[in-house]
Protein chains: 2
Amino acid sequence: MDFSSFLTSLGTSFVIFVVLMILFALLSSRPGNNVVYYPNRIIKGLEPLQGDHKTRNPFSWIKEAISSSERDVINVSGVDTAVYFVFLSTVLEILVSSGVILLPVLLPVSITASGGKTKTTSKGTFNELDKLSMGNITARSSRLWAFFIACYWVSLVTLFLLWKAYKHVSLLRAEALKSPDVKPEQFAIVVRDIPAIPQGLTRKEQVDTYFKAIYPEAFYRSMIVTDNKEVNKIWDELEGYKKKLARADAVYAGSKTTAKPEGTRPTNKTGFLGLIGKKVDSIEYYNEKINETVTKLESEQKTTLREKQQNAAVVFFTSRVVAASAAQSLHAQMVDTWSVFDAPEPCQLIWPNLKIKYFQRELRQYLVYFIVALTIFFYIIPITFVSAFTTLDNLVKLLPFIKPVVNIKVLRTVLEAYLPQLALIIFLALLPKLLLFLSKLEGIPTESHAIRAASGKYFYFSVLNVFIGVTIGGTLFTAFKKIEKNPNQLVPLLAASLPGNATFFLTYVALKFFVGYGLELSRIVPFIIYHLKRKYLCKTEAELKEAWAPGDLGYGTRVPGDMLILTIVLCYSVITPLIIPFGALYFGLGWLVLRNQALKVYVPSYESNGRMWPHIFNRILASLILYQITMVGYFGVQEFYYAPFLIPLPLLSLVFGFVCAKKFYPAFEHPALEVAAHGHKEVPNMESIFRSFIPPSLSSEKIDDDQFEDALSQVSRSTSFV
Amino acid sequence: MDFSSFLTSLGTSFVIFVVLMILFALLSSRPGNNVVYYPNRIIKGLEPLQGDHKTRNPFSWIKEAISSSERDVINVSGVDTAVYFVFLSTVLEILVSSGVILLPVLLPVSITASGGKTKTTSKGTFNELDKLSMGNITARSSRLWAFFIACYWVSLVTLFLLWKAYKHVSLLRAEALKSPDVKPEQFAIVVRDIPAIPQGLTRKEQVDTYFKAIYPEAFYRSMIVTDNKEVNKIWDELEGYKKKLARADAVYAGSKTTAKPEGTRPTNKTGFLGLIGKKVDSIEYYNEKINETVTKLESEQKTTLREKQQNAAVVFFTSRVVAASAAQSLHAQMVDTWSVFDAPEPCQLIWPNLKIKYFQRELRQYLVYFIVALTIFFYIIPITFVSAFTTLDNLVKLLPFIKPVVNIKVLRTVLEAYLPQLALIIFLALLPKLLLFLSKLEGIPTESHAIRAASGKYFYFSVLNVFIGVTIGGTLFTAFKKIEKNPNQLVPLLAASLPGNATFFLTYVALKFFVGYGLELSRIVPFIIYHLKRKYLCKTEAELKEAWAPGDLGYGTRVPGDMLILTIVLCYSVITPLIIPFGALYFGLGWLVLRNQALKVYVPSYESNGRMWPHIFNRILASLILYQITMVGYFGVQEFYYAPFLIPLPLLSLVFGFVCAKKFYPAFEHPALEVAAHGHKEVPNMESIFRSFIPPSLSSEKIDDDQFEDALSQVSRSTSFV
């Protein structure tokens, strides 16, 4: 890619961004689109436009986003979202602090050097950008000292800001857990690996006896986990019929025009997809089906509670401290029995995973790691192919029929700029679902944990395949055999390949922030989908609401994407400092746009009180270490005698990570007792806490306490609170 | 070393053993020696000779040892000792089960082979023993299959018996912790890293407020850890004067003969060591000194309690379960504050280490590891020298004046047999104290933990220096450069060097069990020391008691010694199966002799409820893996095509270790709650529990509760127990 196509790509991205911004300003000012641009507020029952911002100034959202405090974010969107913003702002601070020193110092040092003329950087495409990079410095030049010091500056700034951020997030988490609001999950633990039921006891009695002996005062009652597969299926069926009935009712009501006041009763066919079979009156048919299914559901609920009990349970305590302490204590002498963990929010529990036994979980985990490793290493093959087809000329050779299109000059430049990156982005979009599925296969018992696990895998995928793969892939065909023979050559090779790919990654970052955040803010895709659905599909209020439901921020997939950008920017920060403003723009724009989206659009689907942070932190640190190692390699390539003096940097990062893991991490794994004890005095309404853990398919007004007795125990609730 | 000197060495060892046994039979039958041979029973106030064994049959001790049950050992000597016997008997079982298969199968296979004649094993000293070993098999012979299967047999037997043993020890520990006896340490935790005292509070108030908030019901009171250096010094001084006074009294009483009924009042000089200075009446002088020191002690006690409070405390709970749970829960959001651990027995607490801060502890730990690593690697130099001087000829060359001694034929043979091993044993005797000192420097807060840590270091020292060092050292001068160039050659080199050192290690094992256990059983050294002291030094009852105080079993140094033997025997088990009966004899005799000593002699100085076991287990597993790896190497040396099929063995061992660590280990780290909750109903006498943690130098009848208030808090004891 030459310099002109880089500029074209930048320009195009910017134009797209401007267009999307104009679209956003136009569309969001129309009250009919409020459900697309302010769904969060509507769900909360607030006015879409608040306070002084009654006038729809197209830029007022920027002011609102900037003036919003962390407290606002926590109130609207929870601690997890606030932590995501801590991540964005920390990275932004890192890049700005690095940029204000590196740009004014390193750029002049590079431009005035003349090393680039005497040697070609890899790929032989020496261009204007390379003049601004470290590649332009003569090997062994004393100018390299400036770059050397820059390495230290970037590293130290990063470590300092990471420390500050970790401390801050830890505080946020502590505050959230200290809150005197009654959160059901703070009064419960989940116990798995319950041993076989002893002779003469029911599962419920077994669990109750066990915990009552250990916590004679604070134990409230337990809920045995059941196999809900069947009952969930019937429940979904019932919900489906209810929706269809509502829809039929709406259609019927709609058909009662003034011309035909009695209306037309809607009909449907009973066969496959309503396309074949007997034609029946829909309202009657669905009413009948509902009655049938309710009976089926009730009997299945009874069977489930009575006969499908598993070796896991949720145990409730009347005290938050006891629950917090119980969740982190060893209960059984044999650790593969009665293993416990902190209950998550009820909606987060993955019930089918709770029954998986201790060592099976371990085994599954390693199997999944193995599969993921295979995925990571064999996905590299298609990506390498994409890299090889980077040039349009190759494509034309392969697909001669596109030649007329390519011959149009403007189109050719655009295509040349976007083709490889687009392929990459589409590629990456396929993966998160698979990784989430694999993570759930591990036997992870909570939704948020599974998302964290998937997110971590995605990070390794991105860094290994996109960053390292593309970097080395550019020279892969010439260098592959060299690596294979001597794996120690990986670092120097990576370092030597970096400068040649600078423009590729600059374009990638620019595309990501202009187009990505432009699409994000304008919500053009949800906008189109909503209006299509509203017009052609939705008949009832519930259907309409479903059509504009905003979903959550999805930081599980956002974070790896951001981390990839951060890795790229860090690794290039000293080599091509020009990338720093691009990175800063990415994170700055990201902060601004997502702040708006978090406050007005997305609804968090769960709250893990910032447990994502240690994951993010570790991966930032991993990126930093990758950067430091490649720099050691690159200084070696530049034949700088003092390159070994960079080796303390990765060691320092490791020690820093170790200290942080020791000091902060345990409080993210389990709630600290001083926090749980804070401001918590009275025993809350335990009955409602207990009820909140009953899955909807098992909770029914018709099922009374007597029936719940089977799996949901009820032991003397008199001792400790009256 | 040739075959005849091997036999001489064996014979000599056996003769020494028989002499020691006869000595034991003679000496132990004299009632005057009861304090040497039955001190444990005397301290417990029992009759030295119990039950049916009133007659002093010289072999009755064997019957007694064999017929004693594990329960007896636990009652007399505690769980730690019982666990040590589980270790001994497990290893014995491993060796016997291996031996009964390997000896009848492998020895005939070796003898009838003829490989040894066509090639010399290393060192070129092919002798009769080598005919019985794997070295006698022709390379690539199909006879190697027998040895191959033997490798699997030994490994599988070891894993199976280890599993059984771990389960059994876990049960022993659980039973000990379940015991309804009130053990003060089960009601207390130790908290370290208490943050700075907030304005307006005392340290005591700070601690009490903190724990009262978290455990409103179960918190009893706290005891602030103080800097007792000064007060301990004065206390020791006082105790010294008291002893001297008692001695002077005894001397005075002794001088009152019928001839001189008024006696002679003893005198002493007040200067250095009682040798110079003014001559004074001892009884008056010491009485005066005692009164002086008591006043000094009292004022120092007050100062200590008031002004020398540290950032650590012991916290007492009225419930065993709460204490067990508190010891394993995270208390503070920042983990380097308010860190807790299970209280050990009061006597085990290393008070000066409690004040060391979290990260300082970490730092100290790594520093100590580094120092130990240096020690291990540089001790190898003297040991290599010893190996080089193995032959007497070398010694004669260096020290020509010993020539006449060496020329005596019998003496020469004996010297040749023992010289290298004796040097080794003396060498090893120097180390444990240093390692214990280093382990305490780490900041380890309990005595038993420090001993475990020292024991672990000693194991690595033995295996690396004695086993690997001697094995490779034998050929070190020829092979050193080869290793240096390619470290991957270590395993094949080690494997190739093993057969050449078989006789050395056979002699070493024989020396260890015949002489070592002979000395142990006969207690010839303590016997002589006691009688010397009794005759010339001891004047008072207390002094006499001190003279025969037996000490404890000292498994901290025993285990690494045993482990070294086990490592040697395992590594040679298939190569030279003849070593197995020697190993079995070592552990069988050890079991027998130590059983006697545990029941009648030693008094345990602490009880850690079997926390030593996971250490022992891990090191047995490490030995097993070392064995498996050297076997892979040795089969490679023998050019056996199927050698790679041994690679699953070390992997299997690793997985086994991982599973055990997951399943059993946590219950050794912290008491399981189900165990702590067992059979524990009433609140015990908390006051006596509290008092048992007061160090003797701070506890005094004259100091009443008011004064303790400073560091030893007392908060409303009314709420939870009346």
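Two exercises with worked solutions follow, both on a predicted model.

**Exercise 1.** Describe the interface of chain A and chain B, beginning with its area and ending with its charged pairs.

*Solution.* Begin with area, since the size of an interface is often given as the accessible area lost when the parts come together. Chain A and chain B bury about 3,200 Å² between them, and 58% of this lies on carbon and sulfur atoms. On the side of chain A, the residues that lose the most area to chain B are A:Leu330, A:Gln333 and A:Lys663, which together make up 22% of what that side buries.

Next, count the residues: 39 of chain A are in contact with 39 of chain B.

Finally, turn to the charged pairs, of which the count is four salt bridges. In one of them the side chain of A:Glu362 meets that of B:Lys662 at 3.3 Å, N to O, and this distance satisfies the cut-off of 4 Å.

**Exercise 2.** Work out the strand order of the open sheet in chain A, and explain why one side of strand 2 and of strand 6 is left without a neighbour in the sheet.

*Solution.* First, read the order of the four strands, which is 2-5-1-6 with antiparallel pairing. Strand 2 (219-226) and strand 6 (339-342) of chain A therefore stand at the edges, where each has a single partner strand, so one side of each lacks a neighbour in the sheet.

Then examine one pairing in detail: strand 1 (residues 188-192) and strand 6 of chain A run antiparallel and are joined by four bridges, with A:Arg192 standing opposite A:Ser339 of strand 6.

Lastly, add the helix, because strands alone do not complete the picture: helix 9 of chain A packs on the sheet and touches strand 1, strand 2 and strand 5 (309-317) of chain A.

How values were computed
Residues are numbered from 1 along each chain as its sequence is written. Chains are lettered from A and ligands numbered from 1 in the order in which they are written. This is a predicted model: local features need pLDDT of at least 70, side-chain atom pairs count only at pLDDT 80 or more; totals for chains, interfaces and linings use all residues. Side-chain values use heavy atoms; hydrogens and water are left out. Contact means heavy atoms within 4.5 Å. Buried area is the accessible area (1.4 Å probe) that two parts lose on being put together, summed over both. Two strands pair if DSSP finds at least two bridges between them. Helices (H or I, at least four residues) and strands (E, at least two) are DSSP runs, numbered from the N terminus. Axes are lines fitted to C-alpha atoms, for helices over the stretch in contact, and angles run from 0 to 180 degrees between N-to-C directions.
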